[in-house]
Amino acid sequence: PEWKIEVPEFLNIGFACTSRHLGSDKENSIAMIIEDSDLGISEINYKDLATQSDQFGNFLNSIGLQVRDRTLICLKNSLAYPISFFGAIKSGLIAVPTSTLLSGSEVKYLANDSQAKAIVVSASMYKELLPYVENLSNLKHIIVAGIDNTDELPQPESANVYSLNEILKNTDKTPNHYKSKSGEPAYLVYTSGTTGFPKGVLHSH
């Protein structure tokens with residue numbers, strides 16, 4: 001028989017990958033295992049991934065980001081990556097995942113080209129990337145993963161700096177998911193740029 005895929009009218013892949021499992025026999029099962037040569041091995045179950053990604057999405061909404069605004073994600077292998085990625089998507093924003101192998105100038109190009117209003121970076125990369133992104137007119141928020149507070153970080157004049165750990169400690173956990181249609185944009189991935197400037201490829205839910 002012919003294989004037919006039924007695409008629902010409404011679909012949010014952030015919800016489908018996390019909160020959909022709440023209340024099921026999978027909610028306490030391991031959702032992701034992250035291995036990193038520096039940070040070691042960490043894991044998270046569906047329940048905690050759903051809750052923490054909800055918190056991240058709620059935080060983005062609280063600082064004024066709106067549906068289809070871009071959030072650039074430049075993180076090393078850590079649980080902060082799926083939390084940020086799914087959280088942005090669940091709240092109706094467009095996540096822009098990037099590689100940590102990019103240079104500062106390349107990250108600046110992606111942040112500017114995507115018109116990202118927020119960027120999530122690993123603490124170990126913050127000081128290196130700051131000179132490249134702190135004066136972009138579109139980028140107003142820098143979220144730093146891997147630190148408990150931002151007291152010891154250089155503070156840019158044109159952007160607010162936040163600690164992801166503080167966000168996950170203090171932000172409301174109440175789900176507030178954006179009811180996206182399946183064809184709406186979910187995330188933006190850039191090509192490697194080997195034959196010119198990187199090109200953004202927009203993916204729907």
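Which residues form a nonpolar patch on the surface? Select Trp 3, Ile 5 and Val 7: together they make up that patch, with about 430 Å² of accessible area. The structure on screen is a predicted model.

**Stop 1: the start of the chain**

Keep Ile 5 selected. This residue lies in the segment before α1, the helix at 13-17. Its relative accessible area is 60%, and the cut-off for exposed is over 50%, so Ile 5 counts as exposed.

Now add Lys 4 and Glu 6 to the selection. Their side chains meet in a salt bridge, at 3.8 Å from N to O. Both of these residues are exposed.

**Stop 2: the largest nonpolar core**

In soluble globular proteins, nonpolar side chains tend to be buried together. Here, the largest nonpolar core has 30 residues. Begin with Leu 60, Ile 143 and Leu 164, the residues with the most contacts inside this core. Then colour the elements α2 (46-62), α3 (80-90), β5 (116-122), β6 (141-145) and α6 (164-170), as each of them supplies at least two residues of the core. Helix α3 gives the most, with 7 residues.

Centre the view on Ile 143 and show what surrounds it. Beyond its neighbours within four places in sequence, Ile 143 is in contact with Phe 56, Phe 59 and Leu 60. The list of its contacts also includes Ile 119, Val 120 and Val 121, and Tyr 162, Leu 164 and Ile 167 are on it as well.

A second core, separate from this one, has 25 residues. To find it, select Ala 111, Met 125, Ile 147 and Leu 153, which are among its members.

**Stop 3: a salt bridge between two helices**

Side chains of opposite charge can pair when their charged atoms come close. Select Lys 90 and Asp 54, which form a salt bridge with their closest N and O atoms 2.8 Å apart. Lys 90 lies in helix α3 and Asp 54 in helix α2, so this pair ties together parts that are 36 residues apart in sequence. Are these two residues buried or exposed? Lys 90 is buried, and Asp 54 is buried too.

**Stop 4: strand β3**

Select residues 70-74, which make up strand β3. Of its 5 residues, 4 are buried, so the strand is largely enclosed by the rest of the structure. Next, show strand β4, residues 94-97; it runs parallel to β3, and 4 bridges join the two. For one such pairing, pick Leu 72, whose bridge partner in β4 is Val 96.

**Stop 5: around Glu 184**

Move to Glu 184, in the loop between α6 and β8 (185-190). What is in contact with this residue, leaving aside its neighbours within four places in sequence? The answer is Arg 68, Tyr 178, Lys 179, His 203, Ser 204 and His 205.

From that list, take His 205 and draw a distance between C-alpha atoms: His 205 and Glu 184 are separated by 6.2 Å, although they are 21 residues apart along the chain.

Then take Arg 68, whose side chain meets that of Glu 184 in a salt bridge (3.4 Å, N to O). Arg 68 is in the loop between α2 and β3, and Glu 184 in the loop between α6 and β8, so the pair ties together parts that are 116 residues apart in sequence. The two ends of this bridge can be described in turn. Arg 68 is partly exposed, at 41% relative accessibility. Glu 184 counts as buried, at 12% relative accessibility.

The count of salt bridges in the model comes to 5.

Key. Residues numbered from 1 in each chain as written. Predicted model: local features only at pLDDT ≥ 70, side-chain atom pairs only at ≥ 80, totals over all residues. Heavy atoms only, no water. Core = buried A, V, L, I, M, F, W, Y, C linked by side-chain atoms within 4.5 Å. Buried < 20%, exposed > 50% of the residue type's maximum accessible area, 1.4 Å probe, protein only. Contact = heavy atoms within 4.5 Å. Patch = residues over 30% accessible without salt bridge, like charges linked within 9 Å, V, L, I, M, F, W, Y side chains within 5 Å. Areas by Shrake-Rupley, 256 points an atom, 1.4 Å probe, with all protein chains shown as cover. Salt bridge = Lys/Arg side-chain N within 4 Å of Asp/Glu carboxyl O. Pairing = 2+ DSSP bridges.
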